[in-house]
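Biologist: Please take a close look at one helix of this model and tell me whether it is buried or exposed. Then kindly follow its surroundings outward, so that a first-year student can see how the rest of the chain is arranged.

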Amino acid sequence: MTEIRYRFLRVLRDRGNVFWTLIFPIALALLFNFSFKDLGEESWKNIPTAVVVQEKNEPFESFLAAIDGELIEMKTMDEDTAVKALDAGRVSGIYYENETPSLTVASSGLSQTVLASALDSYLGNAALLKEVAVKNPEGLAAAAEALTEQNSYLTEETLGGKSYNYTMDYFYALIGMTCFFGCFTGMKLGEECTANQSVLAARRSVAPVRKSRMVLTDMLVGFSVQFCLVLVLLAFLNFVLDIRLSGNPAATLLVCACGALTGVSFGIVLGCAGRIKQSIRIGLSISVPLLCSFLSGLMIGDMKQTVEENAPLINRINPSAVISDAFYYINIYPDGRGLARCLVTLAVISLGLAFLAFLMMRRTRYDSL
């Protein structure tokens with residue numbers, strides 16, 4: 001316990017690591033929140049639509065009245081006024097009310113497609129009711145009621161039933177980057193396990209402590225510190241920026257724990273690689289997490305999708321992408337198997353890196369210290 005306590009104090013006194021693993025992610029979160037505050041949530045405006053009555057059609061009038069204020073902004077006009085409004089762009093289309101209603105548009109686009117789809121829906125239902133009236137008159141009322149219940153308007157949701165805001169992908173990638181930045185702490189701890197890198201490391205190497213215990217102690221300390229820093233970031237996102245990340249706190253904590261362990265394990269491997277120049281190790285500790293974060297969509301939102309389409313294996317072994325996927329499975333599309341796959345992947349990477357660090361330190365001998 002004494003060794004663990006001193007290692008904790010050693011890590012916490014390194015202000016550079018605290019900056020990169022906490023202050024820098026919080027600054028990025030503030031930047032993302034400021035930049036994306038009004039993005040991702042699209043507001044739908046009713047489509048301005050002209051209605052020209054050429055022949056009375058009460059069912060069609062009822063249909064238009066039902067969607068007025070919900071889908072369209074209906075304005076009854078004479079034909080000349082409606083055509084001028086269409087040419088000027090004040091309305092997106094003209095419904096002509098007669099026995100068989102029709103639609104006129106001046107261009108193609110989303111609004112025009114919606115108007116055409118609404119008319120097609122009405123014409124299809126009207127034809128169906130006529131057929132029912134001829135073949136089965138007693139079932140006409142039931143058919144009309146069923147069609148009325150069917151005509152509900154849709155909102156964009158995910159398969160899990162939760163609204164999807166694409167800007168959340170950036171925050172998921174940010175959490176993945178923060179977890180992976182535990183490599184800074186891990187590298188410092190790993191360097192202090194390798195005798196040829198510092199006086200402290202030399203003193204520890206001659207202590208009557210097994211190498212495996214030394215690695216596990218440093219990994220436990222680094223993991224605990226990094227996990228706490230990630231929790232601070234989550235609290236900042238939830239309570240300060242009001243970014244709700246999860247309705248499943250247990251799963252969220254488990255993902256963050258596995259991610260933090262992966263980052264620290266990678267750092268310890270770099271720190272134990274005493275035969276590699278320190279400048280190269282520092283470069284790897286910065287470039288690898290940033291590259292993984294880039295591929296997971298931190299800088300370009302659809303980058304992960306591009307990687308998925310062209311090299312899906314990278315997304316399966318990229319810790320930042322795996323963490324981002326895990327948050328997607330928790331918050332957007334609940335999938336227990338997908339979440340379990342992400343957790344197992346992170347665990348395997350962490351254990352593999354820890355075992356590699358142990359092998360790098362095992363039976364290491366020095367001519368002099």
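Modeller: In this predicted model, helix H8 is largely enclosed by the rest of the structure, because nine of its ten residues are buried. The buried set consists of Gly182, Cys183, Phe184, Thr185, Gly186, Met187, Leu189, Gly190 and Glu191. Glycines, a charged residue and nonpolar side chains therefore appear together in this list.

One of these residues, Gly190, leads to another part of the chain. The C-alpha atom of Gly190 is separated by 9.1 Å from that of Gly274, although their positions lie 84 residues apart along the chain. Gly274 belongs to the loop between H11 and helix H12 (278–295). Residues count as buried under 20% relative accessible area; Gly274, at 23%, is therefore classed as partly exposed.

What is H8 a part of? The largest nonpolar core of the model holds 67 residues, and those with the most contacts inside it are Ile175, Leu237, Leu245, Val255 and Leu339. H8 (182–191) supplies at least two residues of this core, as does each of H2 (15–36), H7 (168–180), H10 (211–240), H11 (249–272), H15 (319–331) and H16. Apart from this core lies another, of 14 residues, which includes Val51, Leu71, Leu119 and Tyr122.

Among the contributors to the large core, H16 (residues 336–361) deserves attention. H16 has 26 residues and reaches 38 Å from its first C-alpha to its last, close to the 38 Å expected at 1.5 Å a residue. An α-helix has 3.6 residues a turn, so residues three or four places apart point the same way. With that in mind, one may read the buried residues of H16: Gly338, Leu339, Cys342, Leu343, Leu346, Ser350, Leu353, Ala354, Ala357 and Met361. Beyond its neighbours within four places in sequence, Leu339 is in contact with Ala251, Val255, Ala326, Tyr329 and Ile330.

The loop between H10 and H11 contains Asp242. Most residues other than glycine have a negative phi. Asp242, which is not a glycine, has a positive phi of about 60 degrees.

The strands of the chain come next. They form an open sheet with the order E2-E1-E3-E4 and mixed pairing. E2 and E4 (102–104) stand at the edges and have a single partner strand each, so one side of each is left without a neighbour in the sheet. Neighbouring strands are turned by 30 degrees against each other on average, direction ignored.

Strand E1 (residues 47–53) pairs with E2 (residues 72–76) in the parallel sense over five bridges, and Ala50 has Lys75 as its bridge partner in E2. On the way from E1 to E2 the chain passes through helix H3 (residues 58–67), which makes a right-handed β-α-β crossover. E1 also pairs with E3 in the parallel sense, again over five bridges; here Val52 is matched with Tyr96.

E3 (residues 93–97) and E4 run antiparallel and are joined by three bridges. They form a hairpin with four residues between them. Within it, Tyr95 stands opposite Leu103 and Tyr96 opposite Ser102.

In a regular strand the side chains alternate between the two faces of the sheet. In E3 both faces are covered: Gly93, Tyr95 and Glu97 are buried on one side, and Ile94 and Tyr96 on the other.

Helices pack against these strands. H3 lies across E1, E2 and E3 and runs at about 145 degrees to E3. Helix H4 (residues 79–88) touches E1, E3 and E4, its direction making about 160 degrees with that of E3. The loop between H4 and E3 holds Arg90. Not counting residues up to four places away in sequence, Arg90 touches Pro48, Lys84 and Ala85. The C-alpha atoms of Arg90 and Ala50 are separated by 9.3 Å, with the two residues 40 apart along the chain.

Finally, the whole chain may be considered. It has 16 helices and four strands, and 43% of its 369 residues count as buried. Among contacts with a separation of 6 or more, 72% are between residues 24 or more positions apart.

Notes
Residues are numbered from 1 along each chain as its sequence is written. This is a predicted model: local features need pLDDT of at least 70, side-chain atom pairs count only at pLDDT 80 or more; totals for chains, interfaces and linings use all residues. Side-chain values use heavy atoms; hydrogens and water are left out. Two strands pair if DSSP finds at least two bridges between them. A crossover is right-handed if, with the strands pointing away from the viewer, the path from the first strand over the helix to the second runs clockwise. The expected span of a helix is 1.5 Å times one less than its number of residues. Buried means under 20% relative accessible area, exposed over 50%, partly exposed in between (1.4 Å probe, protein chains only). A nonpolar core is a set of buried Ala, Val, Leu, Ile, Met, Phe, Trp, Tyr and Cys residues joined through side-chain atoms within 4.5 Å. Contact means heavy atoms within 4.5 Å. Axes are lines fitted to C-alpha atoms, for helices over the stretch in contact, and angles run from 0 to 180 degrees between N-to-C directions.
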